[in-house]
Amino acid sequence: MSGAVVSARDVDLTFRTNDGPVHALSGVNLDIGKGEFVSFIGPSGCGKTTFLRCIAGLETPTGGKLTVNGMSPDEARRARAYGYVFQAAGLYPWRTIGGNVRLPLEIMGFSKEEQARRVRDTLELVDLGGFEKKYPWQLSGGMQQRASIARALSFDADILLMDEPFGALDEIVRDRLNEELLDLWARTGKTVGFVTHSIPEAVYLSTRIVVMSPRPGRITDVIESPLPAERPLDIRDSREFIEVAHRVREGLRAGHIDE
Amino acid sequence: MSGAVVSARDVDLTFRTNDGPVHALSGVNLDIGKGEFVSFIGPSGCGKTTFLRCIAGLETPTGGKLTVNGMSPDEARRARAYGYVFQAAGLYPWRTIGGNVRLPLEIMGFSKEEQARRVRDTLELVDLGGFEKKYPWQLSGGMQQRASIARALSFDADILLMDEPFGALDEIVRDRLNEELLDLWARTGKTVGFVTHSIPEAVYLSTRIVVMSPRPGRITDVIESPLPAERPLDIRDSREFIEVAHRVREGLRAGHIDE
Amino acid sequence: MRNLVPVLVVLAVIAGLWYAAVAPMNIRGALMVAERSGETVVPEGTSTRFDVSVWKLMADNPDHIHLAYGLDRPRLPTPGQVAGELWASTGAMALEGNGFSNRSLIYHGWITLRSTLWGFLLGTFLGLLGAVAIVHARVVDMSLMPWAIISQTIPIVALAPMIIVLSSQVGIDGRGVPKAIISAYLCYFPVLVGMVTGLRSPDRSQLDLLKTYNASQWQVFSKLRMPASLPYLFASLKIGIAAALVGTIVGELPTGAISGLGARILIGDQFGTPLAIWAALFAAAILAGILVTLLDVTQRLTLRRMGVR
Amino acid sequence: MLVAAIVFWLAAWGMNVAIANSPGRDTTPARVMVPLMFGVALLVLWEGLVTAFNVPGVILPPPSQVAQTIAGSTGMLWIDFRQTLLKGALSGYAIGCVVAFLVAVLIDRVPFLTRGLLPIGNFVAALPIVGIAPILVSWYGFDWQSKAAVVVVMVFFPMLVNTVQGLRETDAMQRDLMRTYGASYWQTLMKLRLPAAMPFIFNGLKISSSLALIGAIVAEYFGSPTHGMGFRISTGVGSLSIDLVWAEIAVAALAGTLFYGLVAWFERRVTFWHPSHWH
Amino acid sequence: QDEVTLQLKWVTQAQFAGYYVAQDQGFYEEEGLDVTILPGGPDIAPEQVIAGDGADVITTWMAAALAARERGLGLVNIAQPFKTGGLQLTCLKSSGIETEEDFPGKTLGVWFYGNEYPFYAWMAQLGIATDGADEDGVDVLRQAFNVNPLLEGQADCISTMTYNEYGQVLDAGISEDELVNFNYLEMGNGMLEDGLYVLEEDLEDPEFADKMVRFVRASMKGWKWAEENPEEAAQIVVDNDQTGAQTLEHQIYMMGEVAKLTEGSEGALDPADYEQTVATLLSAVSEDNPAITEEPEGAYTTDITDEALGGDM
Ligand SMILES: Nc1ncnc2c1ncn2[C@@H]1O[C@H](COP(=O)(O)OP(=O)(O)OP(=O)(O)O)[C@@H](O)[C@H]1O
Ligand SMILES: Nc1ncnc2c1ncn2[C@@H]1O[C@H](COP(=O)(O)OP(=O)(O)OP(=O)(O)O)[C@@H](O)[C@H]1O
Ligand SMILES: Cc1ncc(C[n+]2csc(CCO)c2C)c(N)n1
Ligand SMILES: [Mg+2]
Ligand SMILES: [Mg+2]
């Protein structure tokens, strides 16, 4: 499936540690098409982060074949094919919000005016206009996380990889950001890989939900979402939503038995 | 209502900070009866923790009247009327699990045999029999949180105050602990005050759900749960559950508008 | 252990550079020796050579360069010479049964060690005391902390002779005690700072936990602050013992001490015997290494016993 | 006199207790007043003890006499200050710190060097390096150059170790972020690792500042021109001008404190973002 | 037995052989004294030690003692075993120094710590500036107690004692004909070295005075024994050296040279020598280095030596 943005064939990854090898990923097969929103869900340690990092070229699989945009992940990384959002906002505390969003632009050598324009626009996009001059610690957790998303968006890569970006936020803020993310995705048509712990979040956001299970980390279920593209927040009280959520929970529980 | 275990009348609390006063609580009225399981839910900064700390005598209200077991919270604290569970397990890393559970017993001057007996029994209660000699880092996050609950239970106070005890755990482990907590509550008949961010958790556990809203922190809604005392995990897919959850979400959203 | 190979390589490189530096550093001395034994040297006369660069001297007198590696009083001895001198004044003397004679560095090392340990004990005690007071009383914190910092900007060397005189006036003879005081003066500070941080390391929820048990101040200290500060304690003890050793040696340098490694350095300087200086320096380095390693091992054992990884 | 001194001391302490427990305790005046009172009380107590017990001036002069000496010999104190602190300590400090910083960046670039040099650096940082003073004085002569050399060697290793440690201080996520941008080594260094290393670098600078002071003064004991603080202190003891010795000590302490304060001030400006400033 | 503590001005070496001999040979014991000898060193000021009650009697140079006296410490000379001094300025011929006229522009190493007064007196007499600012002046280097500056070419002249550092210079390989010596004594700037000093107020106590009489008597006996038996005396010194750094060979050399200095003295201070020292000091009072500014009074007494040595004469 060469049309896929991300294509994984039998991907294995084994960490060598002092306590012996850890099989973080084993036989992972997955294709992510252009414009898809794919969530990864599974218990702690099942390899969600590791798989996302493999896609990003931050980790190298020890087996199988993985391509991003038809290139190796490492080439894709150098070609700045994606924006990555980490679990914690991870803003640099010595830079203002604007400075943080500008960081990738500086590195990628955008012109000064272009930098300024993009920083302004992207901060506007995540609803942080006017906070450009503030320092990270002057913002709430939710605002920081939005800033880190802005940072990943600023250079306008086609792929967005997000590792539990909202894990540290409270449910209400999370709901709002979920809504905004969905909106952004719809407007920009980016391809999104999204790791989460939360079933409602996964169901609410995704076009496809990948359920994983640990030891060794593998994919146990892939659920297509029947939900429409247009998703108001209270879609979560709908029957379809609850059914998908139920299926995801069952999948999770199955993979969780051994703990 | 002098029969109430906790009784709050017009409780106010204002923190003085360098940036001016912060109205953390304003006009809070609430009674908690014996054996109730009351959850506090609300967006970040709405004063949940502050209110729980007031009940525990760790913070002193700047206005209104608050009694615990008919005493002032501070007297209740000195009388060791409650066990408190913090968000992070907060086990002392230099003590074994047994040693951690023994900590309050040592401080309260129980005899050596009594200490040993209670440590054993309480660890049994939270399903950690056999882990007494282990150190915290040798246990998973969920087990650590169970140990911290055991620590709060060991001296058998009638009131249990818990501040987001499961916030740091993944959903599956959290489900399990929720089930166990419910079970424990049913068996011991303790009065529980429980802070959470999670709507399903609040609905699943509580006999009453207190919805709070920030700036200033106040109670916006109190929802009686119609759910039966017996609650299997999949009660969460039931109509009543979803209805209560919906009501809580609406309450939350109402209080959240201004952010 | 992973670092062993790189460390050895770096050490080898340092030794090589050192060895190469010996020739230019010692060429003047070498030519003086050569001249005295009747060899021809260009140019003639020790003092006429002061104006000629060492490189030119080496180029003009290639036959005599080897002498630079065997001088009695080299400006820069070879590593071998230092090792030889070190061995001659420690191991060799111990084998002869003179390990504790006053010509042996074992004896002088012991004198220094004794002062260092006393200073370390005293300094650690004061540092701990100060830290406990600072953590428990705000006044102490506000009054003492700035002065603790200022105290370290006072050139302790200047106080050394006065400490000697003052302590002899209150009836303490000898230089052991004054040296220990100086070493305590340098040692207490890292312990104080480290332990203030350590005793304050419990976060609010850990303190609140004990409050919910209605624990007394003493219980908070013994059950929480003290164990929580142990890692900090060891880190500061390691810095503290190194500082104590510096203190002792500084105390021995300008105070006319007659025994101890610092005194050997001083006397080596007075008598123009550089080898003695170098040997004493390396002995001091070895002593420091042993002390820090001992603390390191203690730290590992203690922390492991306490279950901290 | 002694009674008066003790009464003053107790009063000052009482006042400090009052200030420290008052609501205004975190204000700048309180932060300055309290230690100042403490210091003044200490001086008064010293004065009282010395006069009460009739301690001879050649052993411990009272602070009042030291103050007079300071006022009376500002010229000489300035000359000594320039020789020892400005020429000897400061230049050595600057050279030592800059070189150590550059070497740290260099060895950080080469993992092999980091692994080989860092343990050695850590070890050397714990050694009593002052001992090389006589050697360096005989190598570099009696003027300030040899003092600077001693200071360079003394500050080098603490600075090196701290910088290297600081450069490794970034967490994995912060570094990964740079990798996701495909950032070059220099970009990562300038934009991430140096800023993150600043708290450590400043720690090194602070430690080094008191070492520099000790080093420069001790080295003067092994030969100096006829001025300089170490010179004055040692000859002062010899000629029983103990008041002059204390005057020099006071200047050194003052200069040292000011310098430390300056470094701390820069630190606050540069690492304003660091949690250690929040309290 | 009466206890006496003696603080020396320098480390254990043949410079103080008399005292070590007196102790070793039991001369002190014969006088009913239990003597503790404290070695000195750089930055041990015997004057400060005695002020702090750390010693009963000290050896020091007269210039330093008079300076201390003017600063309020009542030191009194009770005996002067060194008739002449061994201080000299040793210069390299190659630096172009033949006579005193050649000094301007040169770098001279000087010992401080109470040893600088003779040098400043001399320079004052020559009219040579020492503040380093003057073109025609000299650069003064505070010499540590070693000869490195000369060997390293950092100074044109350095201070040496005939009995110690001068030997070290020769040992290091510079030959005598490469050197020029200026002996302070011969230049007329000599000052009394290594006398015995006590505190005035102590001396008022007759018991203490008597102790000192016996102490001086035994010490002089030690000195004379050392002059006659230089090799044994050197051995005694080496045995008493706690630093473990003195060599017998060097101490024999030193003993030989020291003997030349003590030869002329029976222990009593010659008032004429005292006058000369005072005159030299007063001739060179300067802002920078005021050893003394006015004629001292009561700075010496011959009572002790009169009584101690009177019997023999
Ligand atoms: N650098 C590493 N070295 C060794 N083992 C690792 C490393 N990174 C991850 N692992 C292990 O690989 C497994 C998968 O880890 P991963 O972080 O991908 O899980 P995850 O699904 O993201 O978990 P979580 O929900 O807790 O974030 C775990 O067992 C983890 O301990
Ligand atoms: N010690 C304090 N000093 C000053 N302000 C405080 C303090 N503690 C809490 N606050 C403020 O009081 C308000 C209520 O805080 P609180 O911690 O009770 O909120 P919360 O509901 O527990 O939030 P979260 O869900 O984030 O834990 C917040 O605005 C907080 O910043
Ligand atoms: C403190 C002190 N410093 C210098 C001298 C001058 N001096 C006279 S003898 C001698 C040692 C040479 O053997 C020296 C350096 C001294 N006497 N005491
Ligand atoms: Mg993860
Ligand atoms: Mg909270």
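## Worked exercises on a predicted five-chain-lettered model

A:Asp10 is partly exposed because its relative accessibility is 46% (buried means under 20% relative accessible area, exposed over 50%, partly exposed in between, with a 1.4 Å probe and protein chains only). This is a predicted model, in which local features need pLDDT of at least 70 and side-chain atom pairs count only at pLDDT 80 or more, while totals for chains, interfaces and linings use all residues. Residues are numbered from 1 along each chain as its sequence is written, chains are lettered from A and ligands numbered from 1 in the order in which they are written, and side-chain values use heavy atoms, with hydrogens and water left out.

### Exercise 1: two aspartates

Task: find out where A:Asp10 and E:Asp194 sit and what their phi angles look like.

Solution.
- Step 1. Start with A:Asp10, which belongs to strand β1 of chain A. Helices (H or I, at least four residues) and strands (E, at least two) are DSSP runs, counted from the N terminus.
- Step 2. Check its backbone: phi is positive, about 50 degrees, and A:Asp10 is not a glycine.
- Step 3. Now hop over to E:Asp194, in the loop that links β9 (179–183) to β10 (195–199) of chain E. Its phi is positive too, at about 45 degrees, and again the residue is not a glycine.
- Step 4. Look at the cover. E:Asp194 counts as buried because its relative accessible area is 2%, whereas A:Asp10 is partly exposed at 46%.

### Exercise 2: the shell around ligand 1

Task: work out which residues of chain A surround ligand 1 and which elements they come from.

Solution.
- Step 1. Pick out the nearest of the 13 residues around the ligand: A:Ser44, A:Gly45, A:Lys48, A:Thr49 and A:Thr50. A residue gets in if one of its heavy atoms lies within 4 Å.
- Step 2. Sort the shell by element. At least two residues each come from β1 (6–17), β2 (20–32) and α1 (48–55) of chain A, and α1(A) has the largest share, with 3 residues.
- Step 3. Sort it by type: 4 nonpolar, 7 polar and 2 charged. Here Ala, Val, Leu, Ile, Met, Phe, Trp, Tyr, Cys and Pro count as nonpolar, Asp, Glu, Lys and Arg as charged, and the others, Gly among them, as polar.
- Step 4. Go after the polar contacts (pairs of N or O atoms within 3.5 Å). A polar backbone atom of A:Gly47 is 3.0 Å from a ligand oxygen. On the side-chain front, A:Thr49 has a polar atom 2.6 Å from an oxygen of ligand 1, and an N or O atom of A:Thr50 sits 2.4 Å from a ligand oxygen.
- Step 5. Finish with the cover: on its own ligand 1 exposes 630 Å², and the protein buries 63% of that (Shrake-Rupley areas with a 1.4 Å probe).

### Exercise 3: the shell around ligand 3

Task: describe the surroundings of ligand 3 and say how much of its area the protein covers.

Solution.
- Step 1. The shell has 14 residues, with E:Gln13, E:Asn115, E:Phe145, E:Asn164 and E:Glu165 nearest.
- Step 2. The protein covers 100% of the 410 Å² of accessible area that ligand 3 has on its own.
- Step 3. By type, the shell splits into 7 nonpolar, 5 polar and 2 charged residues.
- Step 4. For polar contacts, take the backbone of E:Lys9, with a polar atom 3.4 Å from a ligand nitrogen, and the side chain of E:Gln13, with an N or O atom 2.8 Å from a ligand oxygen.

### Exercise 4: chain D and its neighbours

Task: set the UniProt annotation of chain D beside the model, then place D:Ser209.

Solution.
- Step 1. The unreviewed UniProt entry puts "domain: ABC transmembrane type-1" at residues 82–267 of chain D. Its positions use the numbering used here, feature names are shortened, and annotations may be inferred rather than shown by experiment.
- Step 2. Over that span the chain is 84% helix and 1% strand, with end C-alpha atoms 25 Å apart.
- Step 3. The same entry's "transmembrane region" annotation includes residues 119–142 and 244–266 of chain D. Residues 119–142 are 62% helix and 0% strand, with their end C-alpha atoms 33 Å apart; residues 244–266 are 100% helix, and their ends also lie 33 Å apart.
- Step 4. D:Ser209 lies in helix α9 (residues 185–220) and counts as buried because its relative accessibility is 10%. Leaving out residues up to four places away in sequence, it touches D:Tyr93, D:Phe259 and D:Tyr260 (contact means heavy atoms within 4.5 Å).
- Step 5. Zoom out to the chains. Of the 6 touching pairs, chains C and D share the most contacts, while chains B and D do not touch, their nearest C-alpha atoms being 10 Å apart.

Terms used: Polar contact = N/O pair within 3.5 Å; in protein donor to acceptor, adjacent residues only side chain to side chain.
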